[in-house]
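Please open the structure in a viewer and keep the selection tool at hand. The tour below proposes one selection after another and describes what is found at each.

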Amino acid sequence: MASFLLSQADVVNVSPGTQYTVTVAAASASSSNISPGVSRMINTNETAPGPPSGLEGEAVGSNGILLSWTVPPDSNNIDGYVIRYKEVCPYPDSTFTEVTKFLDIPETLLTDFTSGSTYHIEVAAISSAGVGAFSKSLYIKTAESPPGLVTNLTAFAQNHSFVVVTWFLPRRINGLITKFAVKAKHARTGQTVRTLEVNAEDIMTVALPHCNVQLHTTDAADILSRATPSPLEMTASSPPITLSAVPSAASWSVPISVGVDQLRPYTAYLFEVSAFTSDGEGQIASTMVRMPESAPEDPPQNFEILNMTSRSISVSWSSPNIVTGKFSYMLYLYGPTGYLYENSTGDMQFTFAGLNPYTRYMLEVRAKAAGEVGPSVQTDLITPAEAPSAVQDLQAEAEDSVSIRVSWRSPAQPNGLITRYRLQVLVDDLANTNSQLTVDSTISHLPESSTNYSSALLSTNFQSAGSAVSRTAVFVPTSVPPATLPPWLTRQTQAGVGGVTVKEEVLDVLPETLTYLVSDLNPFTEYTFRVTASTAVGEGPATDITEKTREQVPSSVLDISYQNISSTSILVSWVPPLNLTGGSPITLSTASNCKVIRP
């Protein structure tokens with residue numbers, strides 16, 4: 001039975017994935033002849049490529065990185081490359097993002113990055129045997145770009161001119177924040193009224209977040225685990241290590257505030273806040289706030305009198321030039337005694353009613369906002385006069401048989417400057433019951449606050465119409481008593497029927513009570529006295545009073561005659577006294593005996 005010896009040989013340093021021809025021939029140790037060999041075609045197995053070397057990157061634009069590397073040595077038939085990356089600053093990713101690139105040359109541009117962020121990048125080759133080993137890590141930072149919107153922007157008005165604006169860092173800082181700009185604009189017009197630029201380092205109470213390393217070697221692994229992961233997007237599944245350059249999450253939770261002053265009350269403002277990096281201004285966030293009201297700063301404008309009567313005044317005005325709130329208006333009325341009353345209105349016109357004629361008033365209007373009133377606009381004026389009311393306390397008292405004293409007080413409502421009083425004397429004519437005697441005495445007195453007046457008779461006119469007689473005595477004021485007594489101070493008589501004298505008894509007319517003596521009346525006759533007061537506008541209502549003169553002793557009888565009736569009786573007869581007009585009737589005649597002495 002024959003036995004076989006199994007022989008094998010190891011061939012090394014062959015290339016993977018290569019076809020080789022293998023020939024095996026037998027040879028004898030004692031002979032130099034070699035037997036014909038047997039040949040076979042053998043393909044070596046493929047293996048995964050080795051790691052690429054020399055991985056480098058260059059920031060392109062704000063979100064791109066140009067990567068290049070060297071093909072793994074002894075690698076054939078590389079089909080493509082797997083590139084994996086993850087952000088490590090400022091928001092570390094817990095897992096890699098992988099992209100596959102089929103490239104003719106080991107170079108590619110990735111544009112899916114965030115500006116101002118640091119990335120961990122690795123590359124591996126792909127062959128039919130699979131994905132090879134990844135290259136050494138590359139840590140590279142993208143170029144900065146303007147930052148995103150600041151977050152949680154609010155504005156709070158502390159008073160009518162000062163606002164505190166508060167915000168937080170942008171979610172994407174896109175680089176090192178260098179400053180913030182705050183603008184205040186009129187909400188309606190867009191006009192910028194205030195601009196503030198603040199240095200970020202000065203206003204931040206914590207360190208500014210910034211990815212401030214750019215590493216291209218595996219030395220980055222040496223600084224891992226030397227910082228605590230804290231950015232906002234860290235989760236429980238995140239690895240416990242990160243770059244030391246990763247900013248603290250506290251940076252995003254610290255509010256940033258500035259105050260904006262010199263603003264106007266009751267005005268809507270739009271506040272805009274933006275952050276800056278070295279690449280420029282970022283997106284602009286905005287919020288609006290309306291300032292609270294404040295006290296008015298100037299008086300109402302264009303104040304004018306619309307209409308004025310003796311009892312009311314209508315006024316109008318326009319709002320103050322400086323708007324400090326939603327205005328209402330306070331109106332004040334002052335009279336001769338001072339403050340009278342106040343009222344309020346939301347309109348810009350008002351009517352003061354219930355006034356007195358010929359009275360000095362001061363009108364005052366003030367704007368009101370925020371519970372406070374502002375400066376006033378005011379005017380002084382005197383209401384027009386009107387006819388006065390009736391005189392008061394009219395009294396008449398007979399002095400004797402031919403004189404009656406008449407007195408009265410000035411009207412309770414003079415309604416203007418009293419320019420005259422009219423005193424009428426009315427009497428029924430006993431001779432003709434259908435006629436009246438009217439004496440019209442016009443006394444022009446103008447008493448004022450501190451001037452003593454005396455009266456001087458200017459003219460006395462008598463007019464006769466049948467049995468009616470009218471007489472007018474006009475008196476005007478003089479500042480001092482006349483040097484000689486005026487003729488009316490003595491009793492005046494007038495030939496004819498119905499002569500009446502009106503005499504002022506009180507020279508000083510400052511007192512409210514005026515007294516006049518009406519003389520040359522008929523004895524025991526009833527007279528009606530009618531008094532009215534007048535202003536320049538007209539005459540007021542009349543007040544009447546009736547008084548009778550006293551009785552008078554009759555004159556001597558006339559034409560006495562007698563007749564003997566008997567030796568002891570005589571009949572005496574006579575004519576009654578002539579002066580009986582207006583007198584009392586003869587109630588008794590007395591005849592006295594007398595002794596006759598004969599010659």
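Select Glu-297 to begin: in this predicted model, the residue is partly exposed, with a relative accessibility of 40%. Add Arg-264 to the selection, and a salt bridge appears between the two, the closest N and O atoms being 3.2 Å apart. Arg-264 is likewise partly exposed, at 32% relative accessibility. This salt bridge between Glu-297 and Arg-264 links distant parts of the chain, 33 residues apart. Glu-297 belongs to the loop between β18 (285-290) and β19, while Arg-264 belongs to the loop between β15 and β16.

Stay in the loop between β15 (256-260) and β16 (268-277) and select Gln-262, which also lies there. What is the sign of phi at Gln-262? The value is positive, near 60°, in a residue other than glycine. Gln-262 has a relative accessible area of 62%, so the residue counts as exposed.

Another residue of this kind is found by selecting Asn-302, in strand β19 (residues 301-308). Asn-302 is not a glycine, yet its phi is positive, at about 55°. Is Asn-302 buried or exposed? With 60% relative accessibility, Asn-302 counts as exposed.

**The salt bridges elsewhere**

The count of salt bridges in the model comes to 13. For another of them, select Glu-122 and Arg-84, whose side chains meet at 2.6 Å, N to O. Glu-122 lies in strand β8 (residues 118-127) and Arg-84 in strand β5, so this salt bridge ties together parts that are 38 residues apart in sequence. Glu-122 counts as buried, at 8% relative accessibility, whereas Arg-84 counts as partly exposed, at 21%. The cut-off explains these labels: buried means under 20% relative accessible area.

Next, select Glu-144 together with Lys-141. These residues form a salt bridge in which the closest N and O atoms are 3.8 Å apart. Glu-144 is buried, at 17% relative accessibility, and Lys-141 is buried too, at 13%. In general, side chains of opposite charge can pair when their charged atoms come close.

**The disulfide**

Return to strand β5 and select Cys-89. Which residue is joined to Cys-89 by a disulfide? The partner is Cys-211, with an S to S distance of 1.9 Å. This disulfide links distant parts of the chain: Cys-89 is in strand β5 (residues 80-89), and Cys-211 is in the loop between α1 (200-203) and α2 (250-253), 122 residues apart. The count of disulfides in the model comes to 1. Viewed along the S-S bond of Cys-89 and Cys-211, the torsion is about -100°, so the disulfide is left-handed. Both ends are covered: Cys-89 counts as buried at 1% relative accessibility, and Cys-211 is buried with a relative accessible area of 1%.

Keep Cys-89 selected and add Pro-90. A cis peptide bond joins Cys-89 and Pro-90, with omega at about 5°. Pro-90 has its place in the loop between β5 and β6 (97-101).

**Sheet and hairpin**

Now select β3, β4 and β7. In that order they make up an open sheet of 3 strands with antiparallel pairing. The edge strands, β3 (53-60) and β7 (107-110), each pair on one side only. From one strand to the next, the twist averages 20°. Within the sheet, β3 and strand β4 (residues 64-70) pair in the antiparallel sense over 6 bridges. Select Ala-59 to see that it stands opposite Ile-65 in β4.

Move on to strand β11 (residues 151-157) and strand β12 (residues 163-168), which pair in the antiparallel sense over 5 bridges. A hairpin joins β11 to β12 through 5 residues. Select Phe-156 here: its bridge partner in β12 is Val-164.

**The nonpolar patch**

For the last stop, select Val-557, Ile-560, Tyr-562, Ile-570, Val-572 and Trp-574. These residues form a nonpolar patch on the surface, with about 600 Å² of accessible area together. Two elements give two or more residues to the patch: β36 (558-564) and β37 (570-575). Which element gives the most? It is β37, with 3 residues. Finish on Ile-570, which lies in strand β37 and counts as exposed at 52% relative accessibility.

Conventions. Residues are numbered from 1 along each chain as its sequence is written. This is a predicted model: local features need pLDDT of at least 70, side-chain atom pairs count only at pLDDT 80 or more; totals for chains, interfaces and linings use all residues. Side-chain values use heavy atoms; hydrogens and water are left out. A disulfide is a pair of cysteine sulfur atoms within 2.5 Å. Helices (H or I, at least four residues) and strands (E, at least two) are DSSP runs, numbered from the N terminus. Buried means under 20% relative accessible area, exposed over 50%, partly exposed in between (1.4 Å probe, protein chains only). Two strands pair if DSSP finds at least two bridges between them. Axes are lines fitted to C-alpha atoms, for helices over the stretch in contact, and angles run from 0 to 180 degrees between N-to-C directions. Patches are made of residues with over 30% relative accessible area and no salt bridge: like charges are joined within 9 Å, nonpolar side chains (Val, Leu, Ile, Met, Phe, Trp, Tyr) within 5 Å. Accessible areas come from the Shrake-Rupley method with a 1.4 Å probe; for residues, only the protein chains shown count as cover. A salt bridge is a side-chain nitrogen of Lys or Arg within 4 Å of a carboxyl oxygen of Asp or Glu.
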